[in-house]
Amino acid sequence: METDVLVIGSGIAGGITALEAAQAGARVTLLHRSFDPEKKNTRWAQGGIIFTGPGDSPDLLTQDIVSAGAGVTLPAAARALAEQGPRLVQEILIDKLGVPFNRRPDGEFDITEEGAHSLPRILHCEDRTGMRINESLMAAILAEPRITLRQPAVAIDLLTLSHHSRNPLDMYEPNTCVGAYVLDRATGRVETILARETVLATGGLGELYLHTTNPDGARGDGIAMAYRAGARLLNLEFVQFHPTALYYPPGPRFLISESMRGEGARLVLRNGKEFMARHHPLGSLAPRDVVARAIHDELLASGDPCVYLDLTHKNADWIRRRFPSIYAECLKLGLDITRQPIPVVPAAHYSCGGVATDLDGRTTIRRLWAVGEVACTGLHGANRLASTSLLEGLVFGVRAAREIGAALQKNEDAVFPPIDPWVSQKEPSDPALILQDWLTIKYTMWNYVGLARTTRRMKRAQKILRELQTEVEDFYARSRLDDALIGLRNGVQAALAVLYAALQDRTSRGSHYLDRSEDEAAGSQLAPQDAPI
Ligand SMILES: Cc1cc2nc3c(=O)[nH]c(=O)nc-3n(C[C@H](O)[C@H](O)[C@H](O)COP(=O)(O)OP(=O)(O)OC[C@H]3O[C@@H](n4cnc5c(N)ncnc54)[C@H](O)[C@@H]3O)c2cc1C
C-alpha cells in the first residue's frame with residue numbers, strides 16, 4: 001500500500017497531525033493501535049490544557065516552562081509553544097473541534113491554576129479533559145475523507161532505504177524513512193505501507209515501570225523503532241514520576257491529585273505513623289520529587305507495597321464535595337476515602353525525552369517526523385511543567401503537518417524502493433515468556449533506573465536488560481508475530497535506551513536523580529565500556 005503520509009499513533013499529537021495534513025490536501029493513513037480509547041495517554045489527561053489567563057503573556061509562560069526544565073529546556077521550544085499555543089487552542093480545539101471546555105455561569109471559560117504556573121491559565125473539561133479532546137478529535141478524523149484509519153493496527157518497524165531496500169546502492173543515500181511494516185491485529189497479516197512522509201506519534205513509555213499512571217499503549221514503541229532505524233534520541237533519562245497514584249494491583253494507577261496534600265492529607269505508613277518530617281522540613285507538602293523519593297525509600301526500607309494518604313480527619317461531606325472524582329473512583333473499588341486511608345505509590349508519569357526533533361518535528365532521519373510525547377524538541381528539559389503536554393501535541397502536530405505539506409509539494413514524484421515482503425514465522429509466541437519478561441523489565445527499571453539511581457544499580461540493570469534483550473530477540477525471530485511480542489521487543493529496547501541515557505548523564509538534576517555517594521566514597525568513575533553503544 002502507498003500513502004502520502006503515514007501517522008503511527010492516534011493520540012492528540014498523531015490525530016492533530018493527521019487532520020491538519022489531510023485538510024491541507026494530503027492522503028493520510030492513520031494507525032490506531034486499539035479500538036479501546038483507554039489505550040492512549042491522551043484519554044487519561046485529567047487536569048487540563050494551557051490556554052491564557054488574565055495578565056498572562058507568552059513571556060510569562062515561556063519563563064514558567066524554562067524554570068520547570070531545570071536548566072535543560074530549549075528556550076526556543078518553550079517560546080514556540082507559548083506564542084502559538086493559546087491561539088491554536090482557540091482556533092482548533094474550541095472553534096474547529098468544539099471541545100466542551102467548562103465555562104462559568106457568566107459564559108467565560110473556567111480558567112484554573114496548577115502547580116508551578118505563575119497564574120491561572122488552564123482550560124479543563126471537569127477532570128476529564130483528555131477524554132473530551134479525544135472524542136472531538138476522533139469524530140473529526142472519522143469525518144475526514146482523506147484520512148484512512150487503520151485499526152487495530154500496530155507498526156512493527158520503520159522502513160529505511162539502508163535497512164530495507166533491495167537495491168544495494170540505496171545504502172549510500174542519506175538515511176531515509178519510506179514507511180513501515182504494519183501488523184493488522186484483526187487478521188494477523190503484516191503489510192508493507194510505503195509512505196512519502198512518516199510520522200511517529202506513539203506516546204510515552206510509562207509501561208516500562210512497575211508503577212505507572214500510563215495505559216498499556218505506552219511501552220516505548222516509537223523510541224525502539226526510531227533507535228533501530230538509526231535516529232537520534234535525546235534526554236531519555238528524564239522520566240517524570242508522580243508522587244501519589246492509587247495502589248490497587250489489578251487496576252491502572254489512577255492519579256491521586258497533589259491538591260489532596262495541599263488540603264491537609266497526611267502521608268502515613270501501614271502503622272499510621274507519619275514519615276515525611278524525616279525527609280523534608282515541609283513534611284507532606286514537600287516538592288513532588290522529594291515526596292516521590294521519600295515514599296520510594298520508605299517502601300524499600302519496610303518492604304511494604306504502598307504507603308497511605310490519610311484524609312479521614314476531615315469532614316466526610318467536605319471530602320465528597322472537594323474531591324468528587326477521586327471519591328467516586330475509589331468507591332468503585334470498595335474504598336471509602338472518608339473513612340479509610342488511600343493506598344498510594346509513586347508512578348512513572350511522563351517521558352520528557354524522546355526522538356530528537358527540530359521545532360517542526362523533523363527527526364535526524366530524512367522523511368521521518370516525530371510529535372507528542374515520543375518526540376523531544378527540548379521543550380520539557382529535565383522536568384515538565386504541568387499541563388504542557390496536550391498543548392505540545394497540538395502545537396507541534398500543527399507545525400509538523402504544515403512542513404509535511406510543504407515537503408510533499410516539493411517532492412511530488414516520490415519513487416519508492418523495492419522492499420521485501422515480511423516473512424512470517426510459524427511458532428506461536430509463549431504468553432508465559434512474555435509475562436515474565438515484562439515483569440523483569442518493570443522491576444528492573446523500577447528498582448535500578450527509577451526514582452533514585454546509583455551507578456551500581458544501573459550497572460546491574462545493564463547486565464539484566466542486555467541478557468534479556470538477547471533472549472527476546474531470539475524468541476522474536478522464531479515466533480509468530482502479535483502485538484504482545486512487538487511490545488516486548490520494543491519494551492526491552494526502550495528500557496535500554498533510558499538506561500543508557502541515565503548512565504551517561506552524570507549530573508543529578510530535574511527528574512534524573514543520581515545518588516553518587518557510593519561512587520565518591522569508592523573514588524570510582526564510570527568505565528569507558530559502560531558508555532552507551
Ligand atoms: C493520568 C494522566 C494524566 C495526565 N494529565 C495531563 C494533563 O492534565 N494535561 C496535560 O497536558 N497532559 C497530561 N498528561 C500527559 C498527556 O496526556 C500526554 O503526554 C499526551 O496525551 C500524549 O499524547 P500523544 O499523542 O503523544 O500520545 P498518546 O495519547 O499516548 O497516543 C499514542 C498512541 O500511539 C499508539 N501506539 C503506540 N505504539 C504504537 C505502534 N507501534 N503502532 C501503532 N500505534 C501505536 C498508542 O496505543 C496510543 O494510542 C497526563 C497523562 C496521564 C497518563
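**Exercise 1. Find which residue of strand E7 is the bridge partner of Ala153.**

Step 1. Know your model: it is predicted, local features need pLDDT of at least 70, side-chain atom pairs count only at pLDDT 80 or more, and totals for chains, interfaces and linings use all residues. Residues are numbered from 1 along each chain as its sequence is written, and side-chain values use heavy atoms, with hydrogens and water left out.

Step 2. Locate the strands, which are DSSP runs of E with at least two residues, numbered from the N terminus. E7 spans residues 177-184, and E6 spans residues 153-160.

Step 3. Read off the partner: Ala153 bridges to Asp184 in E7. Strands pair if DSSP finds at least two bridges between them; E6 and E7 have seven, in the antiparallel sense.

**Exercise 2. Explain why E6 is described as largely enclosed by the rest of the structure.**

Step 1. Recall that buried means under 20% relative accessible area (1.4 Å probe, protein chains only).

Step 2. Count: eight of the eight residues of E6 are buried, so the strand is largely enclosed.

**Exercise 3. Work out which polar atoms of Thr42, Gly48 and Ala155 lie by the ligand.**

Step 1. Look for polar contacts (pairs of N or O atoms within 3.5 Å).

Step 2. Thr42 places a polar side-chain atom 2.5 Å from a ligand oxygen atom.

Step 3. Gly48 uses a backbone N or O atom, 2.8 Å from a ligand nitrogen atom.

Step 4. For Ala155, a polar backbone atom is 2.9 Å from a nitrogen atom of the ligand.

Notes: Buried < 20%, exposed > 50% of the residue type's maximum accessible area, 1.4 Å probe, protein only. Helix = DSSP H or I, 4+ residues; strand = E, 2+ residues; numbered from the N terminus. Polar contact = N/O pair within 3.5 Å; in protein donor to acceptor, adjacent residues only side chain to side chain.
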